[in-house]
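My notebook is open for a look at strands, sheets and a helix or two. Here is the model I was browsing.

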Amino acid sequence: MKTQKTIFLFLFLFSLLFSVQASDLFIEAESFSKKGGWVVDQQFMDLMGSSYLMAHGMGAPVKDAATVIEFSSTGRYYVYVRTYNWTSPWSKGDGAGKFKVIINEEELPVTLGATGYKWEWQKAGEVEIQKKQVEIRLQDLTGFNGRCDALYFTTAENRIPPDETEALASFRKVKLHLSEKPLEKGDYDLVVVGGGIAGMSAAISAARLGCRVALVNDRPVLGGNNSSEIRVHLGGRIGNKPYPELGGLQKEFGPSRGGNAQPKEYYEDDKKQAAIAAEKNITLFPSYRVFDVEKNGNSIRAVIAKHIETGEEIRLTAPLFSDCTGDGTIGFLAGADYSMGREGKSEYNEETAPQTGDKMTMGTSVQWYSIDTGKASFFPIFSYGVRFNDLNAEKVTMGEWTWETGMNYDQIKDFERIRDYGLMVVYSNWSYLKNDFMEDNRYKNRKLEWVAYVAGKRESRRLLGDHVLTENDIRNFVEYPDASAPTTWTIDLHYPDPENTKHFPDAEFKSIAKHIPVHPYPIPYRCLYSRNVDNLFMAGRNISVTHVALGTVRVMRTTGIMGEVVGMAASLCKKYQTTPRGIYREHLDDLKTLMRKGVAKKGLPDNQQYNQGSTLGDK
């Protein structure tokens, strides 16, 4: 924090000195008032310090993004744009995501996004600003995910902002006149970060039991992997022993239809939004991404979040926090103990674990589907280093969970590359089928209708609690006194598809699943709170389990049940003025009483679809 303040002060003083000699203007692309067909992508803010605009047109150029800006003075300006040639890891030629900048109908000469190999400032050209108020537009040229982070106008040539994340963040604050201190947005009983099924369930459960809850979600829609942005069905079962009332919340906001990679309406985003809006004790903060925490000893005191479009920063305080981010982001920022990758067999003596531990994880899916238009449909040639032919092409009209990438990359640090490779193989394969496949009549009339750009991640950090759930616990049905949320899915672990590996060694994009049937198993409550951050709960795929055990607990109906339990425990923490660990040690019977009762509305129809993940039966 001291380093950030020093950088901020230096850049502020530099800005004052620089302003005497030159005029400049900094604009975040994601703040454009009219997004056109461009989308806001926030998934990599932790890596690059900001969200950005992306032209996700699936091969057809999208409508221009536009905004009106005000210059302090007229004159000749040099224009720099921060962008990324996203196909550069696989192709050394011009990139796929090309776009141009237009100022008051004047097109700047340089095509952007075509060169380079990292996020960088590229010169777009020069422009004479004759009136202080001007319109800027981003013109997509390809429809292939061109991306723009920010634009910088300066009367001094070659004077560009820094690229290093921390320095650029401070530069942004100075140039956008953002307050160094975040806005205070209130004190709550519980702050839940992450608006997927686990986070929604935690928030509603706690709210109905009397807690004032802040729910922070870094997308404008709720539901996480079950939202219309990612489109994964709800797996697992609710209504199981020993606490059959758990999971009932999903009857209230879960979609009535199942299936992966289905049309948008299948996922019923509005139903999820309405469920949260109906709870008077929940304050929702949509489109805010938490990037920092404040601590007091071993406890979190506050979280700091940034709006993914405006850059506004807010501060939320509470005695209790729940990390439902999937990536364990809040725990990581707070210094919580965590694991990532596969444990070796010797660590927990798990039968399915590899002999030696490694960094391999289950991967990330970019799902997609096509439709028959009834007439010939054009798709551009897309060839950027990943070659398809009749032997290796996937001759399909849709791709769901098996289109999975990044198992041998870091699902945090390499996540943009992982997502981009998912896009790369979808476009490359589809281009081959449309333009080169000899039996093209099968695809002549088909077009890409939907390709996810928000990637569906399965595994990253797992925060460690007072108990680490293992394969042995589940397969041997070890019953602990703090048994809570039942998991019903198989131990479902994903591996690179050997057939795909034959054609794409070390660059697979297809997976296989290996299932180990289990009895429905109640997860110990001690897996749902951090062992070294005293006031931190977790619910979702980031709970305290081994890689092998994650295979059963990670599906969304199960993570939703975890969220309900966390909400109940949080209400007891408030009642008894204690910590998550204190509930286990002194108030476990109270928690069991709440789990028996449940918090869901009674008498609702069961909307469970896709409950596969076969178990050995109830126990």
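I started with strand 18 (residues 321-323), which pairs with strand 31 in the parallel sense over three bridges. I counted strands as paired if DSSP finds at least two bridges between them. Helices (H or I, at least four residues) and strands (E, at least two) are DSSP runs, numbered from the N terminus. Within this pair, I found Ser-322 bridged to Phe-537 of strand 31.

A note on sources: this is a predicted model, where local features need pLDDT of at least 70, side-chain atom pairs count only at pLDDT 80 or more, and totals for chains, interfaces and linings use all residues. Residues are numbered from 1 along each chain as its sequence is written, and side-chain values use heavy atoms, with hydrogens and water left out.

Next I looked up the sheet around that pair: five strands, open, in the order 14-13-12-18-31, with parallel pairing. Strand 14 (282-286) and strand 31 (536-538) are its edges, each pairing on one side only.

Then I checked what lies across it. Helix 13 (residues 556-576) crosses strand 12 (190-193), strand 18 and strand 31, running at about 160° to strand 31. Contact here means heavy atoms within 4.5 Å; axes are lines fitted to C-alpha atoms, for helices over the stretch in contact, with angles from 0 to 180 degrees between N-to-C directions.

I also visited an open sheet of four strands, order 4-9-6-7, paired antiparallel. Its edges are strand 4 (65-70) and strand 7 (106-107). Strand 4 meets strand 9 (residues 133-140) over six antiparallel bridges, and I noted Thr-67 with Ile-136 of strand 9 as bridge partners.
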